[in-house]
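Biologist: Thanks for sitting down with me. Could you walk me through this one, a question at a time?

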Amino acid sequence: MAKNIFIVGADPFNMNKVRAVDIGIDYRLHELLSFDEVKAKGFYPVEECLGKARERLQEFDGSIDGILGYWDFPVTTMVAILCREYGLSSPSLESVLRCEHKYWSRLEQHKVIPGMVPRFDVVDPFDDAAIDAIDVPFPFWIKPVKGMDSLLAFRVGNRGQLSHAIGQLRARIDRIAGPFDQILSYADLPEEIAAIGGRNCIVEQAVGGRQCTIEGYVFAGKPQHYGIIDSINYPNRSSFLRYQYPSSLPKRVKNRISEATNKVLLHFGYDSATYNVEFFYRPKTEELTLLEVNPRLSQSHSDMFEKVDGASNFQIMLELALGRAPDLPLRRGRYGCAAKFHVRVFEDGIATHVPSAGDIERIQEEFPDTLIELKVEQGTRLSSLLEQDSYSYDIAHVHTGAEDRKALLEKYNRILQALHFEFGSVPEISGEAPEVQNAVS
């Protein structure tokens with residue numbers, strides 16, 4: 001009899017990948033909640049979505065064998081809540097929150113890998129006295145205790161920049177604070193964490209270096225990693241240019257990353273699911289700093305694993321959801337390396353020209369095994385795009401592979417030249433036509 005697996009946060013691009021996975025048994029995928037339902041244009045209606053999910057599961061005529069998701073908040077936490085209610089394989093909600101509540105996570109990380117945790121503190125952005133009392137030296141990052149995709153994350157180097165960041169946080173933090181507090185109400189929290197709700201922020205010492213992400217899973221209490229990915233920024237900026245697999249870090253560094261990750265996940269009590277954990281490595285000093293722990297796979301890495309290893313990380317996600325020990329191939333793909341590139345614009349504007357569906361199809365035919373996701377439509381004002389970092393606008397994703405790094409970058413540059421975007425300035429008077437100010441190609 002076929003197994004029934006339900007997806008929270010289903011979107012067309014990734015569902016096509018998930019449906020292509022072969023795990024050796026008959027299973028059926030069901031879209032429990034769509035991406036648009038759970039993200040709801042940046043408002044995250046947690047209780048409404050949980051209600052819809054329960055109603056749809058109750059009406060389903062068949063077995064319920066797994067519930068899973070591959071997006072960040074609120075998907076990861078809603079999956080844990082639903083799996084608990086239906087007795088399905090999943091990490092506990094509390095272990096997920098030890099990853100996702102940034103302040104709680106730092107407290108727990110410091111207990112097991114203190115040398116890899118930057119200086120940090122918690123602050124109420126609505127409390128002027130608490131802001132004045134911040135004792136983490138500049139430069140530091142300030143962001144909500146529940147963040148995602150660098151949303152409302154600000155790197156501040158002086159009081160003026162801090163004042164700007166506080167203004168933005170006060171104006172916009174409730175969009176995520178309210179839904180996060182609803183999730184926290186489902187968890188058994190320590191007293192010190194119960195007092196730190198979603199309207200609080202974490203302040204963290206700014207660190208740098210080579211950024212990378214280790215991906216893996218925990219099954220039957222044993223962590224196992226299956227890949228390390230390099231995260232490479234645009235020059236002199238804090239926004240990602242590309243994720244690249246496999247990592248070029250030395251083996252000794254990869255081993256240290258793996259050991260530190262294992263300690264953290266075991267301490268968190270995290271089990272029966274995938275993870276990705278981000279680190280900074282500074283070659284001159286050999287220092288490692290843990291950036292954050294994410295209680296899910298990265299869907300951004302899925303195509304890279306498929307191109308290099310011969311199977312996507314979605315295979316592991318599905319096997320774990322059914323309580324099975326995963327078995328992922330290694331280096332059996334068509335390419336020696338692969339990447340997901342982020343095409344970005346660094347100032348606001350209105351998209352006056354974007355590639356058509358026919359343009360995308362022709363480019364993908366010219367560059368086989370390349371996938372292009374457009375994130376902007378013609379006429380869109382960039383500042384209206386959802387889930388962007390604080391410093392850029394992510395307008396397209398390019399997934400591709402090549403024999404080696406040099407060939408990979410050359411291929412991407414040719415693809416970028418084939419793509420053509422134009423952006424106009426934002427009119428000062430309503431109804432005024434935008435003036436073309438820049439192009440990306």
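Biologist: Which element gives the largest share of the lining of the second largest pocket?

Modeller: Happy to start there, and please keep in mind that this is a predicted model. The second largest pocket holds about 590 Å³ of space, and 25 residues line it, with Leu151, Leu152, Arg172, Gln388 and Asp389 closest to its centre. Strand 6 (154-156), helix 8 (159-172) and helix 9 (174-184) each give two or more residues to that lining. The largest share, five residues, comes from helix 8.

Biologist: By class, how many charged residues has the lining of the second largest pocket?

Modeller: The lining can be split into three classes. Its residues include 11 nonpolar and nine polar ones, and the charged residues number five.

Biologist: Leu152 caught my eye in that pocket. Is Leu152 buried or exposed?

Modeller: Leu152 sits in the loop between strand 5 (140-144) and strand 6. Its phi is positive, about 55°, although the residue is not a glycine. The cut-off for burial is under 20% relative accessible area. Because its relative accessibility is 4%, Leu152 counts as buried.

Biologist: Which residues have the most contacts inside the largest nonpolar core?

Modeller: In soluble globular proteins, nonpolar side chains tend to be buried together. Here the largest nonpolar core has 112 residues, and helix 4 (residues 75-86) gives the most to it, with seven residues. Ile142 touches Leu152, and also Val123, Phe154 and Val203 among others, leaving aside residues up to four places away in sequence. Those with the most contacts inside the core are Val8, Tyr70 and Ile142.

Biologist: How many cavities of 30 Å³ or more does a search of the whole structure find?

Modeller: The largest cavity has a volume of about 240 Å³, and the second largest one has about 70 Å³. In the whole structure, the number of cavities of 30 Å³ or more is three.

Biologist: Which element gives the largest share of the lining of the largest cavity?

Modeller: There are 20 lining residues, and Leu68, Gly69, Val79, Pro91 and Ala273 lie nearest the centre. By class they are 13 nonpolar, six polar and one charged. Strand 3 (66-68), helix 4, strand 11 and helix 13 (314-321) each give two or more residues. The largest share, four residues, comes from helix 4.

Biologist: And how many residues in the lining of the second largest cavity are charged?

Modeller: Residues lining the second largest cavity include Lys102, Arg106, Lys143, Glu204 and Glu292. Helix 6 and strand 12 each give two or more residues to that lining, and helix 6 has the largest share, with four. Besides three nonpolar and two polar residues, the charged ones number five.

Biologist: Strand 12 came up there. What is the bridge partner of Arg282 in strand 12?

Modeller: Strand 12 (residues 287-294) is mostly covered, with six of its eight residues buried. Strand 11 (residues 273-282) and strand 12 pair in the antiparallel sense over seven bridges. Their hairpin has four residues between the strands, and Glu286 takes a positive phi near 65° there. In strand 12, the bridge partner of Arg282 is Glu287.

Biologist: Is His101 buried or exposed?

Modeller: His101 lies in the loop between helix 5 (93-100) and helix 6 (102-112). Not counting residues up to four places away in sequence, it touches Val145, Phe180, Leu184, Ile193 and Ile196. Since its relative accessible area is 0%, His101 is buried.

Biologist: Phe180 and Leu184 belong to helix 9, I think. Against which helices do the buried residues of helix 9 pack?

Modeller: In helix 9, Phe180 and Leu184 are indeed buried, as are Ile176, Ala177, Pro179 and Ile183. The buried residues of this helix pack against helix 3 (46-59), helix 4 and helix 5.

Biologist: One last thing: what is omega for the peptide bond that joins Phe138 and Pro139?

Modeller: Most residues other than glycine have a negative phi, and most peptide bonds are trans. The bond from Phe73 to Pro74 is cis, with omega near 5°, and Pro74 is found in the loop between strand 3 and helix 4. Pro139 is in the loop between helix 7 (128-132) and strand 5. The bond that joins Phe138 and Pro139 is cis, and its omega is about -5°.

Methods
Residues are numbered from 1 along each chain as its sequence is written. This is a predicted model: local features need pLDDT of at least 70, side-chain atom pairs count only at pLDDT 80 or more; totals for chains, interfaces and linings use all residues. Side-chain values use heavy atoms; hydrogens and water are left out. A nonpolar core is a set of buried Ala, Val, Leu, Ile, Met, Phe, Trp, Tyr and Cys residues joined through side-chain atoms within 4.5 Å. Buried means under 20% relative accessible area, exposed over 50%, partly exposed in between (1.4 Å probe, protein chains only). Contact means heavy atoms within 4.5 Å. On a 1 Å grid over the protein atoms alone, a cavity is a set of points where a 1.4 Å probe fits but cannot get out, and a pocket is an open set with protein on both sides within 12 Å along at least five of seven lines; lining residues have an atom within 4 Å of a point. Grid points are joined across faces, edges and corners, and a volume is the space filled by probe spheres set on the points. Ala, Val, Leu, Ile, Met, Phe, Trp, Tyr, Cys and Pro count as nonpolar, Asp, Glu, Lys and Arg as charged, and the others, Gly among them, as polar. Two strands pair if DSSP finds at least two bridges between them.
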